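Trainee: I'd like a close look at one part of this model rather than a quick tour. Please pick a sheet, take it strand by strand, and then put it in its setting.

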Amino acid sequence: MSTHLHHERDPDGIVWLYFDRAGAGANVLTPEILEDFDHRLVQIAQEAPRGLVILSDKPAGFIAGADVHGFAGMRDPALAAAHIRRVHAIFQRLESLAFPSLALIHGYCLGGGLELALACAYRIASDEPETRLGFPEVRLGLFPGYGGTVRSTRLLGALPALEMMLSGRALDARSARRLGLVDLAVPRRQLREAAHRLLQAPPPRHRPRLLRRLPATAPLRPLVAALLARRLAAKAPPEYYPAPYALLGHWRRHAGRPLHLYRSETREVARLISGDTAQNLIRVFLLQERLKSLGDRTTFIPGRAHVVGAGVMGRDIAAWCALQGLQVTLEDLDTAALGRAMKHADGLFRRRLKDPLRVQAALDRFQPDPRGRGVEGADLVIEAIFEDAAAKQALFARLEPRVKPSAVLASNTSSIPLETLAEGLERPGRLLGLHFFNPVARMPLVEVVHTPGTDPEALAQGLACVRHLDRLPLPVRSSPGFLVNRILLPYLLEAVTLVEEGVPAPAVDHAATTFGMPVGPIELADRVGLDICLAVGERLAATLGQALPPLLAGQVRAGRLGRKSGAGFYAWIDGRARKPRSPRGYRVPADLGERLILRLVNEAMACLREGVVADADLVDAGVLFGTGFPPFRGGPLHDARAQGIQAVETRLERLERRHGHHIHADPGWPGVRPARQGPARCPWTRNTP
Amino acid sequence: MPRTPTPDRPVYVVDGSRTPFLKARGRPGPFHAADLALAAGRPLLVRQPFPATALDEVILGCVASGPDEANIARVVALRLGAGEACPAFTVQRNCASGMQAVDQAARDIAAARADLVLAGGTEAMSHHPLLLSEALAAWLGQWRRARTPAARARALVALRPAWLNPVPALLHGLTDPVVGLSMGQTAEVLASEFGISREAMDRFALESHRRAADADWGEELEPLFARDGRVYAADDGIRPDTRAERLARLPPVFDRPVGRVSAGNSAQISDGATLLLLASETAMRRHHLPVLGRLLDSQWAGLAPARMGLGPVYAMAPLFARHGLSSAAIDAWEINEAFAAQVLACLAAWADDAFMARETGLDGSPGAIPSQRLNPDGGAIALGHPVGASGARIVLHLLRVLQHTGGRLGVASICIGGGQGGAVLVAAGESSS
């Protein structure tokens with residue numbers, strides 16, 4: 001038996017079985033742990049106890065899910081199916097024990113962890129805010145495969161169960177109690193007592209009410225499935241996100257017949273796991289884990305943050321820091337701007353925290369600071385004033401003597417080289433870029449900008465700060481546009497050029513969203529502000545080797561700045577773009593989407609070649625988490641690899657011939673052709689067709 | 001009998017902040033009392049070289065906190081991050097509650113029970129509750145016990161519509177519970193006794209507004225930021241444009257239709273907070289703190305509730321006796337402006353040899369209080385009088401005035417509803433070493 005589990009029998013004849021994965025902060029269901037679990041079930045069954053309680057020894061949670069690392073690269077459906085069948089057998093052993101079983105849940109209980117809990121006769125959860133129960137599988141391009149589709153629909157009724165599995169949303173203990181997903185929600189201190197009492201006199205098991213069982217009846221099923229599919233299509237097109245549709249089909253065909261359901265679950269999930277979408281989404285998940293781990297190199301934990309500048313970025317960063325538990329001072333001479341920041345922070349806290357006491361606590365941590373008195377006490381000082389090198393230099397000169405020697409000193413600049421800002425400092429090596437994206441609450445990436453002269457300890461602390469703020473840190477070498485804007489800009493400029501050439505703006509945007517981008521480039525430019533796009537473009541023009549499309553400057557001269565001025569490429573009404581229809585009979589150029597996306601992909605290669613970030617995976621991570629590049633494609637360089645490097649080069653060359661020299665295949669492409677080995681960490685070869 | 005004149009250990013004031021005082025405008029204002037104290041305390045603490053957890057104690061004066069703010073000092077201490085181990089308590093001495101808190105902090109430091117104390121006062125008078133009449137409360141008790149339809153019908157018949165009128169707690173608080181006079185009426189009592197004219201009161205009120213409008217509050221005043229994004233950067237009751245004629249047109253409100261005390265020559269009802277940071281010599285050294293000033297001594301006194309406005313005279317006199325002071329030795333004075341009539345009565349009494357000899361035990365008057373040294377930046381008539389906070393505000397501002405003018409000694413004094421007076425003797429900043 002492994003050291004990941006242990007169990008004991010108490011004087012009342014109840015066996016307590018603990019999950020405690022060795023050497024890890026969270027429990028996940030690895031094959032080794034599952035086998036150990038099975039082994040212990042056999043042993044416990046022979047002891048014929050009064051009942052079995054399954055719980056976790058980890059303070060943070062119950063079981064976080066299946067072992068996603070194990071799914072990466074699982075390209076053989078037969079292997080996947082064998083694994084699933086084995087887990088089905090183990091959970092069925094749990095389900096058919098002759099004595100009652102109970103899952104005692106605190107913290108997260110997700111995916112495979114929830115499926116294990118569902119195989120128990122009862123579930124009790126702590127009603128603390130950190131308790132979350134859910135099926136996040138759909139976010140990895142899967143659906144629950146450890147019997148979850150069978151047991152959840154049986155326990156909750158089809159609609160609530162499907163809703164949980166399709167959305168991937170996690171429930172708190174009270175909502176779970178209302179649905180019947182858990183039998184009791186009690187304060188954490190009462191968990192053991194509640195388990196004890198329940199097993200002393202086991203009540204009848206939860207069953208959904210008749211009304212809840214109705215949608216699963218044979219005549220209604222096709223109708224219900226069709227309705228749910230239609231609702232889904234608006235958010236996740238089936239050609240890119242097959243998993244939810246596969247789940248609906250699986251349920252529609254087999255609901256009510258457990259044996260068929262288990263078999264179909266095995267077949268379908270095995271097929272999904274080994275497919276491109278799931279493998280790409282798993283890749284994205286692992287990239288996210290990798291970025292997180294970059295913040296673990298030091299134990300530095302910031303307690304107080306000081307943000308200078310209450311513009312959009314400054315106030316967003318400050319509010320986010322307070323939400324994440326830091327004491328925050330936000331400095332600005334303009335008290336009206338501080339007032340707006342307060343209102344914004346209040347909105348964010350209410351949306352995210354809901355509970356009035358927690359909202360008040362967050363507001364108490366968020367302190368407008370017109371006199372800038374928070375500098376001395378801060379562990380993290382972030383400059384977020386307007387983009388002017390001289391003004392920023394003057395500010396840093398004033399800040400540096402006042403900042404604690406141990407504090408992280410950072411600029412949120414998006415375009416000024418870090419070297420320039422560090423020039424006048426006593427200790428230039430301590431200055432970092434912490435480039436947050438707008439809106440901070442929705443953009444998970446933060447570029448941590450450094451130069452060859454950056455103090456490694458300062459960089460490690462900057463990465464740790466970002467991690468502590470529950471954002472994803474990406475170390476980026478200081479260079480024009482850093483990584484994300486640098487890669488995004490050619491794509492935006494190409495879009496403007498296309499509009500100049502007469503392609504209707506909505507058609508340009510449509511081509512991008514068809515590819516899977518969350519927003520089209522023209523709409524994005526309007527949202528960012530055309531003046532800002534122009535300014536960034538002018539700074540980057542030399543690097544990109546491209547003249548800016550005159551239309552962009554023209555719009556700015558005409559005062560059409562995008563959403564903020566009410567009009568840009570589109571008219572903006574109530575924060576929404578009014579997109580005119582394309583003229584009747586208009587034919588979209590065949591290579592429209594290619595022109596847009598390949599410029600982005602090509603620039604990603606340029607960044608890899610120049611070493612803006614350390615390797616290809618980090619380029620992809622930056623683009624995925626910084627631009628909303630469709631995650632099911634696994635990242636621009638990964639996608640290029642999947643399509644064949646040579647094919648990408650050929651298409652770029654064709655575009656150059658057709659549309660001009662501003663499109664030019666990057667010299668880095670030949671270096672990554674399949675004939676040669678890519679960087680060691682890059683798993684491209686797996687997907688080469 | 002003079003008591004021990006000097007406390008065991010010197011008591012230093014390091015720093016202090018207040019919120020703008022916001023005039024109550026007939027509906028609940030944007031901040032609760034705890035929010036106000038927090039808005040004064042957060043900027044004060046963030047500019048200190050020590051963390052909030054270094055505080056040994058938090059003491060707040062508050063006449064009436066909200067229903068969610070029982071022992072409001074502890075609520076504020078926790079929300080300020082002073083930590084679970086930092087004890088906190090709330091004191092109530094009506095209009096002097098903030099001064100009482102400062103005095104209590106000084107005593108704890110003098111007695112070596114604490115080294116670093118946050119003390120002051122807060123009041124959201126616009127949030128003072130509406131009360132049910134006692135008759136209605138009694139009726140509700142009966143209604144709850146009525147189980148049968150017949151009993152309920154009987155109860156309903158007994159209900160009198162007049163009982164449904166809510167009672168503003170504020171009005172009750174501003175009426176003396178023993179002699180039944182409103183605070184304004186006690187001011188009328190003094191106006192009659194000392195022959196103070198309406199014109200003199202209005203002149204005094206006008207001067208208060210003029211001085212407050214010209215004042216530079218500096219770091220003493222911290223803006224308030226509301227959740228809805230509104231910013232309150234200044235006291236909103238100051239009327240620099242007020243004219244004597246307009247002031248004269250305001251009707252008397254307490255001894256209607258005659259009388260001399262109007263809304264214009266009385267303190268405004270306001271929301272606001274003031275906090276001071278007090279420290280022992282030990283704490284000053286440990287954290288290398290600057291000295292704003294020292295609290296030398298304090299005195300409380302009682303007098304007839306109907307003459308409560310003269311409280312400062314009765315409280316200041318023993319201080320002067322104990323320290324052998326004359327008015328000429330005092331560089332700056334703050335006497336809280338509950339009513340112009342009341343302050344003018346104090347000035348008249350203080351300058352009157354016979355009065356002082358008869359009433360206070362001093363040999364005679366210690367000398368008239370020069371107008372230019374009294375409330376040089378205006379007072380509660382212009383700024384407002386959030387009852388829990390005012391006593392702390394005048395102590396803080398007195399120290400700031402001494403700092404700016406290079407004065408040495410100052411007195412802050414306040415009259416207290418119920419017939420009391422409080423006074424604090426302070427010295428300007430001297431180095432602690």
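Mentor: What follows starts with one sheet and then steps back to its surroundings.

First, some housekeeping. This is a predicted model, in which local features need pLDDT of at least 70 and side-chain atom pairs count only at pLDDT 80 or more, while totals for chains, interfaces and linings use all residues. Residues are numbered from 1 along each chain as its sequence is written, and chains are lettered from A and ligands numbered from 1 in the order in which they are written.

Now the sheet. In chain A, six strands make an open sheet with mixed pairing, in the order S1-S2-S3-S5-S7-S9. Strands here are DSSP runs of E, at least two residues long, and helices are runs of H or I of at least four, both numbered from the N terminus. Two strands pair if DSSP finds at least two bridges between them. At the edges sit S1 and S9 (184–186) of chain A, each pairing on one side only. From one strand to the next, the twist averages 20 degrees.

Start at the S1 edge. S1 (residues 5–9) and S2 (residues 14–19) of chain A run antiparallel and are joined by five bridges. One residue to click on is A:His7, whose bridge partner in S2(A) is A:Leu17. The two strands form a hairpin with four residues between them, and A:Gly13 in the turn has a positive phi of about 85 degrees.

Over at the other edge, S7 (residues 122–126) of chain A runs parallel to S9(A), with three bridges joining them. There, A:Ser126 has A:Val186 in S9(A) as its bridge partner.

Next, the helices. Helix H1 (residues 31–47) of chain A packs on the sheet, touching S1, S2 and S3 (51–56) of chain A, and its direction makes about 15 degrees with that of S1(A). Touching means contact, with C-beta atoms, placed from the backbone, within 7 Å. Angles run from 0 to 180 degrees between N-to-C directions, using axes fitted to C-alpha atoms, for helices over the stretch in contact. Helix H8 (residues 191–200) of chain A lies across S2, S3, S5 (101–105), S7 and S9 of chain A, at about 160 degrees to S7(A).

Further along the chain you'll meet another open sheet. Eight strands of chain A build it in the order S12-S11-S10-S13-S14-S15-S16-S17, again with mixed pairing. Its edge strands are S12 (366–368) and S17 (472–477) of chain A, each pairing on one side only. Neighbouring strands are turned by 25 degrees against each other on average, direction ignored. S16 (residues 445–450) of chain A pairs with S17(A) in the parallel sense over six bridges, and A:Val446 finds its bridge partner, A:Pro473, in S17(A). Helix H14 (residues 312–323) of chain A lies across S10 (304–308), S11 (327–331), S12, S13 (380–383) and S15 (431–436) of chain A, running at about 165 degrees to S11(A).

One residue deserves a zoom. A:Ala407 sits in the loop between helix H17 (389–399) and strand S14 (408–411) of chain A. It counts as buried because it has 23 C-beta neighbours inside 10 Å; the cut-off is 20 or more other C-beta atoms within 10 Å, against 12 or fewer for exposed and partly exposed in between. Leaving out residues up to four places away in sequence, A:Ala407 touches A:Ala378, A:Asp379, A:Leu380 and A:Val381.

Zooming out, chain A has 28 helices and 19 strands. Its radius of gyration is 27 Å, close to the 26 Å from the globule rule for 689 residues, so chain A is as compact as a globular protein of that length. That radius is taken over C-alpha atoms, and the rule is 2.2 Å times the number of residues to the power 0.38. Of those 689 residues, 51% are buried.

How far to trust it? Chain A has a mean pLDDT of 93, with 98% of its residues at 70 or more. Over residues 675–689 of chain A, though, the pLDDT is below 50, and this stretch has 21 contacts in the model beyond near neighbours in sequence. The pLDDT score is the predictor's confidence in each residue, from 0 to 100.

Note on methods
Contact = placed C-beta atoms within 7 Å.
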